[in-house]
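This report goes through one protein model, beginning with a single residue and ending with the chain as a whole. Keep the sequence and the structure in view while reading.

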Amino acid sequence: MTALYSDTHPKIEALQIQLLRQASPTRKMNMLAQLNTSARMLALTGLRSQYPQASEAELHRKLADILLGEELARKVYGESTYAK
């Protein structure tokens with residue numbers, strides 16, 4: 001088997017794969033939920049840097065524009081209030 005990641009020792013990578021295969025579906029879904037939460041937090045941190053004057057509501061709406069696309073976000077949340 002070839003290594004998936006060049007920065008991970010092959011024995012450690014094999015152990016990670018083994019542990020993932022042995023994890024229950026519930027555990028896998030919890031890990032995915034944690035990953036999604038982390039990604040959203042990172043995205044919001046980036047948006048705070050880009051738009052330092054924006055309110056939390058404006059930042060969350062901008063995140064919705066990114067995740068859903070502007071058209072769907074508008075259908076779900078209505079017109080945005082932040083300046084582009």
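Aspartate 65 has a relative accessibility of 7%, so this residue counts as buried; the cut-off for that class is under 20% relative accessible area. The model discussed here is a predicted one. Aspartate 65 takes part in a salt bridge with arginine 61, and the closest N and O atoms of the pair are 3.2 Å apart. Arginine 61 counts as buried too, because its relative accessibility is 10%. Aspartate 65 and arginine 61 are four residues apart in helix α3, so about one helical turn separates them.

Helix α3 covers residues 56-68, and lysine 62 is found in this helix as well. What is the nearest side chain of opposite charge to lysine 62, and how far away is it? The answer is glutamate 70, at 4.9 Å. A salt bridge requires a side-chain nitrogen of Lys or Arg within 4 Å of a carboxyl oxygen of Asp or Glu, so a distance of 4.9 Å does not qualify. Lysine 62 is therefore a buried residue with no salt bridge. Neighbours within four places in sequence aside, lysine 62 is in contact with Leu47, Tyr51 and Tyr82.

## Salt bridges

How many salt bridges does the structure hold? There are four. The table gives three pairs, including the one already described.

| Pair | Closest N to O distance |
|---|---|
| Aspartate 65 and arginine 61 | 3.2 Å |
| Lysine 75 and glutamate 71 | 3.5 Å |
| Glutamate 79 and arginine 74 | 3.9 Å |

Lysine 75 and glutamate 71 both belong to helix α4, which covers residues 70-77. These two residues are four positions apart, about one turn of the helix. Are lysine 75 and glutamate 71 buried or exposed? Both of them are exposed.

The pair of glutamate 79 and arginine 74 can be described by accessibility as well. Glutamate 79 has a relative accessible area of 60%, so this residue is exposed. Arginine 74, at 36%, is partly exposed, because that class lies between the limits of 20% and 50%.

## A residue in the first helix

Alanine 14 is found in helix α1, which covers residues 10-22. With a relative accessibility of 43%, alanine 14 counts as partly exposed. Leucine 32 lies 18 residues from alanine 14 along the chain, and the C-alpha atoms of the two are separated by 20 Å.

## The whole chain

The protein has four helices and zero strands. Along the sequence, the pattern reads α-α-α-α.

The overall dimensions come next. The C-alpha trace spans about 50 × 25 × 20 Å along its principal axes. The radius of gyration of the protein is 19 Å, whereas a compact globule of 84 residues would have one near 12 Å.

What share of the 84 residues is buried? Buried residues make up 15% of them. Among contacts with a separation of 6 or more, 5% join residues 24 or more positions apart. The protein exposes about 6900 Å², and carbon and sulfur atoms supply 58% of that area.

Charge can also be described for the chain as a whole. The protein has 11 positive and 8 negative charges. The mean positions of the two groups are 8 Å apart.

Technical notes
Residues are numbered from 1 along each chain as its sequence is written. This is a predicted model: local features need pLDDT of at least 70, side-chain atom pairs count only at pLDDT 80 or more; totals for chains, interfaces and linings use all residues. Side-chain values use heavy atoms; hydrogens and water are left out. The radius of gyration is taken over C-alpha atoms; the globule rule is 2.2 Å times the number of residues to the power 0.38. Buried means under 20% relative accessible area, exposed over 50%, partly exposed in between (1.4 Å probe, protein chains only). Contact means heavy atoms within 4.5 Å. Accessible areas come from the Shrake-Rupley method with a 1.4 Å probe; for residues, only the protein chains shown count as cover. Lys and Arg count as positive and Asp and Glu as negative; His and the chain ends are not counted. The place of a charge is taken as NZ of Lys, CZ of Arg, CG of Asp or CD of Glu.
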